[in-house]
Amino acid sequence: MRIKICGITQPDQGRAIANLGATALGFILVPSSPRYVKIEQINAITAAIPDKIDFIGVFADEQPEIIQQIIIKTPLTSVQLHGIESPEYCQRLRQLLPDREIIKALRIKDRESWEKSAIYFNSVDTLLLDAYHPQLLGGTGQTLDWQALASFSPPLPWFLAGGLNPDNISEALNGLHPDGIDVSSGVERSPGDKDLKKVALLLERLQKLSDQ
Ligand SMILES: O=C(O)c1ccccc1NCC(=O)[C@H](O)[C@H](O)COP(=O)(O)O
């Protein structure tokens, strides 16, 4: 399973989280976020990581050409779209970035919101289901109704996100089969400051689940 720890802001924490076994680090490129990082910070953090893992840039309703410019200047392997980007927008980005993974995040309010994910099946590589919050785009700590997602089975890979932490990961994954999980505030001391003990505990519990 892919394990993405999102909202990395510090090189030592990025390196430690990669060493603990995360398969992806997420960088927030949404200026209003308390976890926002500049290109120089992304480059400093990724330079300290020798392992081959995914580096995912998170954007919200950014101009495709600006994303393309950022991709040229960083080692980002994937682009996560966390706003209200349309399938047409995703296709335009796909033309600009043919060799990068495009992940569409959907903020799920109810069953209807995840049923609507079908409109993205032909325009992105991966889906990410996050919790809905009326004011915030992401990193909210709000959870999804996991049981209601039991029949979610899209024809492309998907991440489960939204309020996951070491204490609820077993319950969240009970009956669900996402291709990856995405965790931010559930392994933090404060926004952007990761708690390495919590990251280690999360990874330990995921390992136990996969051994069962
Ligand atoms: O994390 C942010 O601050 C953020 C801000 C604006 C857009 C997206 C953002 N985060 C996106 C993520 O991928 C988070 O990992 C995801 O929302 C889950 O967060 P959490 O519920 O805290 O685990």
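Contact here means that heavy atoms lie within 4.5 Å. By that test, Arg 111 touches Ala 148 and Ser 151, leaving out residues up to four places away in sequence. The model is predicted. UniProt, in an unreviewed entry, lists residues 3-204 as "domain: N-(5'phosphoribosyl) anthranilate isomerase (PRAI)". Over that stretch the chain is 29% helix and 22% strand. Its end C-alpha atoms are 12 Å apart.

**Ligand site**

- The ligand is surrounded by 21 residues. The closest are Ser 33, Arg 35, Asp 130, Gly 163 and Ser 185.
- Asp 130 uses its side chain: a polar atom there lies 2.5 Å from an oxygen atom of the ligand.
- Gly 163 uses its backbone: a polar atom there is 2.8 Å from an oxygen atom of the ligand.
- Gly 141 also offers its backbone, with an N or O atom 3.0 Å from a ligand oxygen atom.
- How much of the ligand's accessible area does the protein cover? On its own the ligand has 530 Å², and the protein covers 98% of that.

**Nonpolar cores**

- The largest nonpolar core has 56 residues. Ile 5, Phe 27, Ile 67, Leu 129, Leu 160 and Ile 181 have the most contacts inside it.
- A second core is separate and has 7 residues. Among them are Ile 56, Ile 103, Ala 105 and Leu 128.
- Leu 160 has many partners beyond four places in sequence. They include Leu 129, Leu 144, Trp 146, Leu 149 and Ile 181. Gly 180 and Asp 182 are also on its contact list.

**Helix α1 and Gln 13**

- Helix α1 covers residues 11-20. Its buried residues are Gln 13, Gly 14, Ala 16, Ile 17 and Ala 18.
- An α-helix has 3.6 residues a turn, so residues three or four places apart point the same way.
- What do the buried residues of α1 pack against? On the strand side of the list are β1 (2-6), β2 (24-28), β9 (188-190) and β10 (193-194). The helices are α2 (39-47) and α7 (196-211).
- After α1 comes Gly 21, with a positive phi near 120 degrees.
- Gln 13 is found in α1. Is Gln 13 buried or exposed? Its relative accessible area is 6%, so Gln 13 is buried; the cut-off for buried is under 20%.
- A polar atom of the Gln 13 side chain lies 2.8 Å from the backbone nitrogen of Lys 194.
- Leaving aside neighbours within four places, Gln 13 is in contact with Arg 189, Gly 192, Asp 193, Lys 194 and Leu 196.

**Strand residues Cys 6 and Gln 80**

- Cys 6 sits in strand β1. Cys 6 is buried, with a relative accessible area of 5%.
- Cys 6 and Gly 192 are 186 residues apart along the chain, yet their C-alpha atoms are separated by 8.7 Å.
- Cys 6 touches Gly 26, Ile 28, Val 58, Asp 182, Val 183, Ser 184 and Lys 194, not counting residues up to four places away.
- Gln 80 lies in strand β4 (residues 78-81). At 1% relative accessibility, Gln 80 counts as buried.
- Which side chain makes a polar contact of 2.6 Å with the side chain of Gln 80? The partner is Lys 4.
- Beyond four places in sequence, Gln 80 is in contact with residues including Ile 56, Ile 103, Ala 105 and Leu 128. Those four also belong to the second core.

**Partly exposed positions: Asp 61 and Arg 111**

- Asp 61 is in the loop between β3 (54-59) and α3 (64-73).
- Most residues other than glycine have a negative phi. Asp 61 is not a glycine, yet its phi is positive, about 50 degrees.
- Asp 61 has a relative accessible area of 45%, so it is partly exposed; exposed would need over 50%.
- Arg 111 is in helix α5 (residues 111-115). Arg 111 counts as partly exposed, at 46% relative accessibility.
- Arg 111 and Ala 148 are 37 residues apart in sequence. From C-alpha to C-alpha they are 7.3 Å apart in space.

Methods
Residues are numbered from 1 along each chain as its sequence is written. This is a predicted model: local features need pLDDT of at least 70, side-chain atom pairs count only at pLDDT 80 or more; totals for chains, interfaces and linings use all residues. Side-chain values use heavy atoms; hydrogens and water are left out. Buried means under 20% relative accessible area, exposed over 50%, partly exposed in between (1.4 Å probe, protein chains only). Helices (H or I, at least four residues) and strands (E, at least two) are DSSP runs, numbered from the N terminus. UniProt positions are given in the numbering used here, feature names are shortened, and annotations may be inferred rather than shown by experiment. A nonpolar core is a set of buried Ala, Val, Leu, Ile, Met, Phe, Trp, Tyr and Cys residues joined through side-chain atoms within 4.5 Å. A residue is near a molecule or strand if one of its heavy atoms lies within 4 Å of it. A polar contact is a pair of N or O atoms within 3.5 Å; within protein, one must be able to donate a hydrogen and the other to accept it, and residues adjacent in sequence count only if both atoms are side-chain atoms. Accessible areas come from the Shrake-Rupley method with a 1.4 Å probe; for residues, only the protein chains shown count as cover.
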